[in-house]
Amino acid sequence: MANVVAENLTRVFETKSGRLLALDSVSFEVQTGEVFGLLGPNGAGKTTLIRILTTLLLPTYGRALVGGFDVVKEAKKVRSIIGFSSSSERVGFDFVTARRNLWFFSQLYGTPTGEANRRIEELAALLEFQDQLDRKLYTLTTGYRQRLNIARAFINDPQVVFFDEPTNGMDVFSAKKVRELFVKEAKTNSRTIFLATHNMFEAEEVCDRVAIIDRGRILAIDSPENLKSSLSKPVVLFETDIAGASISDPTRLDGVVGGTIKVDNENETAKIRVILRDEDFLERVLQLLEKRGIRVFNYQRIEPTLEDVFISLVGAGFAERERGIEA
Ligand SMILES: Nc1ncnc2c1ncn2[C@@H]1O[C@H](COP(=O)(O)OP(=O)(O)O)[C@@H](O)[C@H]1O
Ligand SMILES: [Mg+2]
């Protein structure tokens with residue numbers, strides 16, 4: 001069953017500098033039991049889309065259904081069957097225990113106390129913070145507090161659960177637990193998990209399908225596997241001496257569709273990762289680098305990542321997009 005349906009969803013913001021099209025006629029469906037990701041750089045429109053689907057913001061045009069309910073006309077019904085958590089929000093009462101905080105949230109949904117207590121124990125076990133349940137919130141480390149925030153989104157046994165950048169700023173272990181929980185909750189409890197992220201690793205690791213979003217538009221939507229295999233162009237990684245850092249924009253190299261440069265100042269090396277128009281341009285790029293006095297230690301064709309898919313669609317990487325660089 002389609003648990004989330006968006007039809008031509010559009011959101012315009014009136015700003016001082018004019019009309020801003022934050023979402024541009026977005027349409028898609030997400031099924032029950034699916035972990036679905038919105039992947040795109042900061043400013044792409046992910047939070048705007050999640051805010052509309054969670055009834056916190058009205059669309060300018062278009063329509064959306066969550067669990068079969070219209071997010072505008074049946075907002076109350078939608079709220080009763082969803083969970084939501086955003087890493088940018090600090091939620092809860094500091095001088096109350098973790099357990100009591102979770103219980104308060106369960107009461108917003110009218111969950112019977114016995115059932116609420118059972119769920120609190122279960123979620124705390126899954127996210128490994130049982131030993132923190134009876135501590136006051138302000139004494140919890142950031143990682144535990146963040147895990148509690150994730151647990152809170154599941155407290156009402158939701159049909160669809162939305163997460164906005166769930167593991168942003170989270171320690172590696174907590175993030176791992178959270179990602180495992182997403183997959184488990186989708187598969188064993190038949191929930192739809194809908195998450196926004198700019199973390200490609202996360203999208204690849206947990207999502208059944210990913211929508212690549214940029215400037216309010218969905219550019220591609222498919223499984224991570226299919227997205228990557230749809231990229232027929234070769235991705236090549238050149239490891240160079242520090243002079244490689246002088247190439248500030250790899251897309252200017254002849255035969256290059258897009259790319260990124262990572263400079264390692266400590267080891268005085270640079271990694272230039274480029275998507276070539278086709279294989280024939282490899283020789284050309286090597287010559288160009290040599291001409292500029294850049295020593296290439298090593299180069300190899302590598303498996304594409306989701307960022308390469310993004311680059312091939314947009315002509316720029318996430319970092320460039322976030323700095324407002326035009327392709
Ligand atoms: N309340 C608002 N008023 C004006 N512009 C907004 C508002 N909310 C978001 N935007 C703009 O809409 C675009 C999309 O933002 P957002 O949905 O937050 O992106 P993301 O979550 O992908 O980083 C950005 O250009 C942002 O500045
Ligand atoms: Mg956001």
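## Close-up views of a predicted model

**Glu165, a residue in a loop.** Glu165 is buried, since its relative accessible area comes to 11%, and a residue is called buried when this value is under 20%. The model shown here, as in every view that follows, is a predicted one. Along the chain, Glu165 belongs to the loop that runs between strand 7 (160–164) and helix 6 (172–188). Its backbone also deserves a look, for phi of Glu165 is near 50°, which is a positive value in a residue other than glycine.

**Ser25, a residue of strand 2 with a positive phi.** Is Ser25 found in a helix or in a strand? Ser25 is part of strand 2, and its phi, near 55°, is positive although the residue is not a glycine. With a relative accessibility of 37%, Ser25 counts as partly exposed, because that class takes in the values between the 20% limit for buried and the 50% limit for exposed.

**The surroundings of ligand 1.** Twelve names make up the list of residues around ligand 1, if they are read out in order: Phe13, Thr15, Leu20, Ala22, Pro41, Asn42, Gly43, Ala44, Gly45, Lys46, Thr47 and Thr48. By kind, this shell divides into five nonpolar residues, six polar residues and one charged residue. Three backbone approaches can be followed one by one: a polar backbone atom of Gly43 is 2.6 Å from an oxygen atom of ligand 1, a backbone N or O atom of Ala44 lies 3.1 Å from an oxygen atom of the ligand, and for Gly45 the corresponding distance from a backbone N or O atom to a ligand oxygen is 3.0 Å. Taken alone, ligand 1 would expose 560 Å², and the protein buries 62% of that area. Strand 1 (2–15), strand 2 (18–31) and helix 1 (46–53) are the elements that each give two or more residues to the shell around ligand 1. Which of the elements gives the most to this shell? It is helix 1, with three residues.

**Glu322 and its contacts with Pro41 and Asn42.** Glu322 is placed in helix 11, which covers residues 318–322. When neighbours within four places in sequence are left aside, Glu322 is in contact with Pro41 and Asn42, and both of these residues also appear in the list of those around ligand 1. Glu322 is partly exposed, its relative accessible area being 36%. For a sense of scale, Glu322 and Val66 are 256 residues apart in sequence, while their C-alpha atoms are 30 Å apart in space.

**Helix 3 and the helices it packs against.** Helix 3 takes in residues 98–108, and its buried residues are Ala98, Asn101, Leu102, Trp103, Phe105 and Ser106. Against which elements do these buried residues pack? They pack against helix 4 (113–126) and helix 5 (142–152). Just after helix 3 comes Gly110, whose phi is positive, at about 70°.

**Arg119, a buried arginine in helix 4.** Arg119 is found in helix 4, and it counts as buried because its relative accessibility is 8%, a value under the 20% limit. Its side chain makes a polar contact with the side chain of Glu115, at 2.2 Å, and the side chain of Arg119 also reaches the backbone oxygen of Ile155, at 2.8 Å. Apart from neighbours within four places in sequence, the residues in contact with Arg119 are Thr111, Phe154, Ile155, Asn156 and Asp157.

**The hairpin of strand 12 and strand 13.** In which sense do strand 12 (residues 256–264) and strand 13 (residues 269–276) pair, and over how many bridges? The pairing is antiparallel and extends over eight bridges. Within this pair, Ile261 stands opposite Ile272, a residue of strand 13. The hairpin has four residues between its strands, and Glu268 takes a positive phi near 55° there.

**The chain as a whole.** The secondary structure of the chain comes to 11 helices and 14 strands, and the C-alpha trace spans about 70 × 45 × 40 Å along its principal axes. Of the 327 residues, 50% count as buried. Among contacts between residues at least 6 apart in sequence, 68% join residues at least 24 apart. The chain exposes about 15,800 Å², and carbon and sulfur atoms supply 48% of this area.

How values were computed
Residues are numbered from 1 along each chain as its sequence is written. Chains are lettered from A and ligands numbered from 1 in the order in which they are written. This is a predicted model: local features need pLDDT of at least 70, side-chain atom pairs count only at pLDDT 80 or more; totals for chains, interfaces and linings use all residues. Side-chain values use heavy atoms; hydrogens and water are left out. A residue is near a molecule or strand if one of its heavy atoms lies within 4 Å of it. A polar contact is a pair of N or O atoms within 3.5 Å; within protein, one must be able to donate a hydrogen and the other to accept it, and residues adjacent in sequence count only if both atoms are side-chain atoms. Accessible areas come from the Shrake-Rupley method with a 1.4 Å probe; for residues, only the protein chains shown count as cover. Ala, Val, Leu, Ile, Met, Phe, Trp, Tyr, Cys and Pro count as nonpolar, Asp, Glu, Lys and Arg as charged, and the others, Gly among them, as polar. Two strands pair if DSSP finds at least two bridges between them. Buried means under 20% relative accessible area, exposed over 50%, partly exposed in between (1.4 Å probe, protein chains only). Contact means heavy atoms within 4.5 Å.
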